[in-house]
Amino acid sequence: MKSIPMKVTANQQVSERYWHMKVDASELDAEVSPGQFFQLRCGHDLNPLLRRPFSIYRINRRERTLEFLYLVKGAGTKRLTQMKAGEYVDVFGPLGTPFVLQDEWKTILLLARGVGIATLAALAQDAAEKGVQAVAILSARSRNDLLAAETLQGFGAKVLYVTDEEGTSDVSAVRRLLEGLLREDPIQAAFTCGSKRLSKLLQELAATHGIPAQIALEEHMGCAMGVCFACVCDVREGGQLKTVRVCKEGPVFPLEKVVL
Ligand SMILES: Cc1cc2nc3c(=O)[nH]c(=O)nc-3n(C[C@H](O)[C@H](O)[C@H](O)COP(=O)(O)OP(=O)(O)OC[C@H]3O[C@@H](n4cnc5c(N)ncnc54)[C@H](O)[C@@H]3O)c2cc1C
C-alpha cells in the first residue's frame with residue numbers, strides 16, 4: 001500500500017453540506033473492498049498537516065475510478081472542496097479491514113446515520129453485484145442530506161428513511177421500523193455506521209434476533225497506520241476488555257464486541 005497522486009475527475013457539491021469526489025484510480029494496484037478507507041491529503045501544502053480518512057463510497061472496477069462522498073466539516077474537508085477536476089489529490093490506501101459479506105446471505109439490513117451512508121453505499125453495491133437484497137434504513141438531519149438514498153435504490157436496495165426535520169428519526173421510531181423489518185424480511189445479517197445511539201439499538205436487536213452484525217467505526221485519526229493510537233476504542237473479547245485501534249484492527253468490527 002502506498003500513497004498515489006490520483007487525478008480528480010469530478011468534485012461537486014451535491015447537497016447543502018455534502019460533496020462528491022471522483023478520482024482516477026488506474027495507478028492503484030490493490031483490491032478495494034467496502035468498509036475500507038483512504039487517507040486523503042487535503043491540499044498541496046502542509047495545511048492541514050494531517051491527512052483525513054474517507055470511506056470508499058463507490059468502486060468502479062471497470063472504469064478504474066474511486067468515489068468519495070464527504071461532509072464538509074472543518075479545515076480539511078473545506079480545503080477538499082477547492083480541488084478542481086484535473087488537479088491531483090494524494091491518496092493513501094486502501095486501509096483497514098473490510099465488511100464481510102457471506103455467500104449464503106440473501107437479505108441484509110443496512111442502518112446508517114449521516115455520512116455513515118457513504119460507507120454503507122459501497123456495501124450495497126457489492127451486495128447488488130452478488131445478488132444479495134439490501135434493506136436500508138437511512139437517518140439524517142434533513143431530506144437534503146439523504147442524497148445517497150438514490151444511489152442505494154440504484155443498487156436495488158429497499159430504502160426507508162427518517163429525518164430529524166420530520167421528527168421521524170428518534171431511537172424509538174427507528175426501533176419500531178427495525179422491529180417491523182426484522183419481522184417481515186428474512187434478514188440474515190446487519191451492518192451499521194454513523195451513529196452510536198443507533199448502533200446500540202442494533203446491537204440489542206441483533207442479539208435478540210440472533211443475527212450477526214458488523215459496525216464501521218469512525219474515530220478521529222492521526223496516522224491511520226496503527227502508530228499514534230489516536231483512534232482507539234474498547235472491544236469485549238472472552239469476557240475481557242481490550243483496546244483496539246480503529247485504523248488497524250478496524251474500522252469494521254463485529255457489532256456485539258464493540259463497547260458503545
Ligand atoms: C474510517 C473513517 C471513514 C470515514 N469516512 C468518511 C466519509 O466517507 N465521508 C465523510 O464525510 N467523512 C468520513 N469520515 C470522517 C472524516 O474523516 C472527518 O469528518 C474529517 O476528517 C473531518 O476533517 P476536517 O478537517 O474537515 O474537520 P476537523 O474536525 O477540523 O478535523 C478533524 C481531523 O483533525 C484531526 N484530529 C482531530 N481530533 C483528533 C484527535 N483527538 N486525535 C488525533 N487527530 C485528531 C484528525 O486528523 C481529524 O481527521 C471518516 C472517518 C473515519 C475514521
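Which residue of β9 stands opposite T107? In this predicted model, that residue is Q133. T107 belongs to strand β8 (residues 107-113), and Q133 belongs to strand β9 (residues 133-140). The briefing starts from this pair of strands, then covers the sheet around them and the helices.

**Strand β9 and its neighbours**

- β8 and β9 are parallel and pair over seven bridges.
- β9 also pairs with strand β10 (residues 158-163), again in the parallel sense, through six bridges.
- Within the pairing of β9 with β10, L138 stands opposite Y161.
- Seven of the eight residues of β9 are buried, so the strand is largely enclosed by the rest of the structure.

**Crossovers**

- Between β8 and β9 the chain passes through helix α2 (residues 116-129), giving a right-handed β-α-β crossover.
- A right-handed β-α-β unit is also made by β9, helix α3 (residues 148-154) and β10.

**The six-stranded sheet**

- These strands belong to an open sheet of six, ordered β10-β9-β8-β11-β12-β15.
- Pairing in this sheet is mixed: β8 and β9 run parallel, whereas strand β12 (residues 213-216) and β15 run antiparallel.
- The edges are formed by β10 and β15 (252-254), each of which pairs on one side only.
- With direction ignored, neighbouring strands of the sheet are turned against each other by 20° on average.
- At the β15 edge, three bridges join β12 to β15, and A216 stands opposite V252 of β15.
- In a regular strand, side chains alternate between the two faces of the sheet.

**Helix α2 against the sheet**

- α2 lies across four strands of the sheet, namely β8, β9, β11 (189-193) and β12.
- The direction of α2 is at about 165° to that of β8.

**Packing of α4 and α5**

- Helix α4 (residues 171-184) packs with helix α5 (residues 196-209) at an angle of about 30°, and their axes are 11 Å apart.
- The crossing of α4 past α5 is right-handed.
- On the α4 side, the contact is made by V171, V174, R175, L178, E179 and L182.
- On the α5 side, the contributing residues are R197, L198, L201, L202, E204, L205 and H209.
- Sorted by class, this contact has eight nonpolar, four charged and one polar residue.

How values were computed:
Residues numbered from 1 in each chain as written. Predicted model: local features only at pLDDT ≥ 70, side-chain atom pairs only at ≥ 80, totals over all residues. Heavy atoms only, no water. Axes fitted to C-alpha atoms, helices over the stretch in contact; angles between N-to-C directions. Helix = DSSP H or I, 4+ residues; strand = E, 2+ residues; numbered from the N terminus. Left-handed = near helix turned anticlockwise from the far one by under 90°. Contact = heavy atoms within 4.5 Å. Nonpolar A, V, L, I, M, F, W, Y, C, P; charged D, E, K, R; others polar. Buried < 20%, exposed > 50% of the residue type's maximum accessible area, 1.4 Å probe, protein only. Pairing = 2+ DSSP bridges. Right-handed = clockwise from strand over helix to strand, strands pointing away.
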